[in-house]
Amino acid sequence: MAIKTSTLDGGIGLIEPRGAIVGGDETVELRQAIADFVERNYEKLIIDLSKVTFLNSTGIGVLVSAQTTYAKKGWKVKLCGVNKNIDSIFVITKLTLVFDVSGTREEAVKSFS
Amino acid sequence: MEKKFRKEFASLGDIFTFTDECASAYKIDDAAKFSVDLVVEEFFTNMVKYNPESRNDVSISISRDGNKLVLTMVDTDVEQFDVTRAPEKNTSAPLEERTPGGLGIQIARKLMDSIDYEYVNRSSKITFTKTLEQ
């Protein structure tokens, strides 16, 4: 499994993808993991990217889709553990203005309260 | 350095091994290597997805001349698609107004200094250049 999911205190869903998210099975798993948390009415979601080594435009599209879905419901999704290379992609695509990014998972959890 | 790859998603592992070898040989730093990997991955994936009529190998070459990196990708026996004419994606638009697709080309435009396209004898050749830190 390229994706690990769990729940945290405070009704927070946590998704930890790992490796490269480039439009293959791992991307399908990520999309499904997000959909599962939506279906279970987890209004707070953290996607921890600290173990993601590579992210292409398809992977970015899944994150954008998560953000759109959550925002439409008035729910919140936060990203954390974004490495320098992936952050540079967020900057040039201006997604830093769209995503709510925390440095660490602990900071992301704290920002929900 | 130049190498040919079977036109299928499974080639991506070999392609990244090739870019690793080029990065070592040409002393390409991590940030530039990430840019090369991202651009190669985006465009190779597009070739697999959108030019399925040809199963010919895709040729990828990477060279360095001083502080200039040149990346070339050649896809043969395909229809013309001039990537340099792809419309600019409005990355400032609100999320709900954004349309899928085209983000890979947009990223390549930002990461590379230039993108050139040539179409001769049903061969598409895309050349990217990037100035490297000395």
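## Helix 2 of chain B

At 1.5 Å a residue, helix 2 of chain B, whose 21 residues run from 30 to 50, should span 30 Å, and its end C-alpha atoms do lie 30 Å apart, which agrees. These values come from a predicted model. Because 16 of the 21 residues are buried, helix 2 of chain B is largely enclosed by the rest of the structure.

The N-terminal end of helix 2 of chain B is capped by B:Asp29. A side-chain oxygen of B:Asp29 lies 3.1 Å from the backbone nitrogen of B:Ala31.

## The second largest pocket

B:Asp29 and B:Ala31 appear again in the lining of the second largest pocket, which has a volume of about 230 Å³. Of its 13 lining residues, the closest to the centre are B:Asp29, B:Ala31, B:Ala32, B:Ser35 and B:Lys130.

Helix 2 of chain B gives the largest share of this lining, four residues. At least two residues each come from helix 3 (84–92) of chain A and from helix 2 and strand 5 (123–131) of chain B. By character, the lining of the second largest pocket divides into five nonpolar, four polar and four charged residues.

## Salt bridges in chain A

Over all chains, the count of salt bridges comes to eleven. One of them joins A:Glu16 and A:Arg105, with the closest N and O atoms 2.6 Å apart. A:Glu16 belongs to strand 2 (residues 12–17) of chain A and A:Arg105 to helix 4 (residues 105–112) of chain A, so the pair ties together parts that are 89 residues apart in sequence.

With a relative accessibility of 11%, A:Glu16 counts as buried because the cut-off is under 20%. A:Arg105, at 25%, is partly exposed.

## Salt bridges in chain B

In chain B, the side chains of B:Asp75 and B:Lys7 meet in a salt bridge of 3.0 Å, N to O. B:Asp75 lies in strand 3 (residues 68–75) of chain B, while B:Lys7 lies in the loop between strand 1 (2–5) and helix 1 (12–26) of chain B, so this pair ties together parts that are 68 residues apart in sequence. Both B:Asp75 and B:Lys7 are buried.

B:Asp82 forms a salt bridge with B:Arg85, the closest N and O atoms being 3.2 Å apart. B:Asp82 is buried, with a relative accessible area of 19%, whereas B:Arg85 is exposed, at 70%.

## A network of salt bridges

Salt bridges can also share partners: A:Lys4, A:Glu16, A:Asp48 and A:Arg105 are joined in this way into one network.

Conventions: Residues are numbered from 1 along each chain as its sequence is written. Chains are lettered from A and ligands numbered from 1 in the order in which they are written. This is a predicted model: local features need pLDDT of at least 70, side-chain atom pairs count only at pLDDT 80 or more; totals for chains, interfaces and linings use all residues. Side-chain values use heavy atoms; hydrogens and water are left out. The expected span of a helix is 1.5 Å times one less than its number of residues. Buried means under 20% relative accessible area, exposed over 50%, partly exposed in between (1.4 Å probe, protein chains only). A polar contact is a pair of N or O atoms within 3.5 Å; within protein, one must be able to donate a hydrogen and the other to accept it, and residues adjacent in sequence count only if both atoms are side-chain atoms. A salt bridge is a side-chain nitrogen of Lys or Arg within 4 Å of a carboxyl oxygen of Asp or Glu. On a 1 Å grid over the protein atoms alone, a cavity is a set of points where a 1.4 Å probe fits but cannot get out, and a pocket is an open set with protein on both sides within 12 Å along at least five of seven lines; lining residues have an atom within 4 Å of a point. Grid points are joined across faces, edges and corners, and a volume is the space filled by probe spheres set on the points. Ala, Val, Leu, Ile, Met, Phe, Trp, Tyr, Cys and Pro count as nonpolar, Asp, Glu, Lys and Arg as charged, and the others, Gly among them, as polar.
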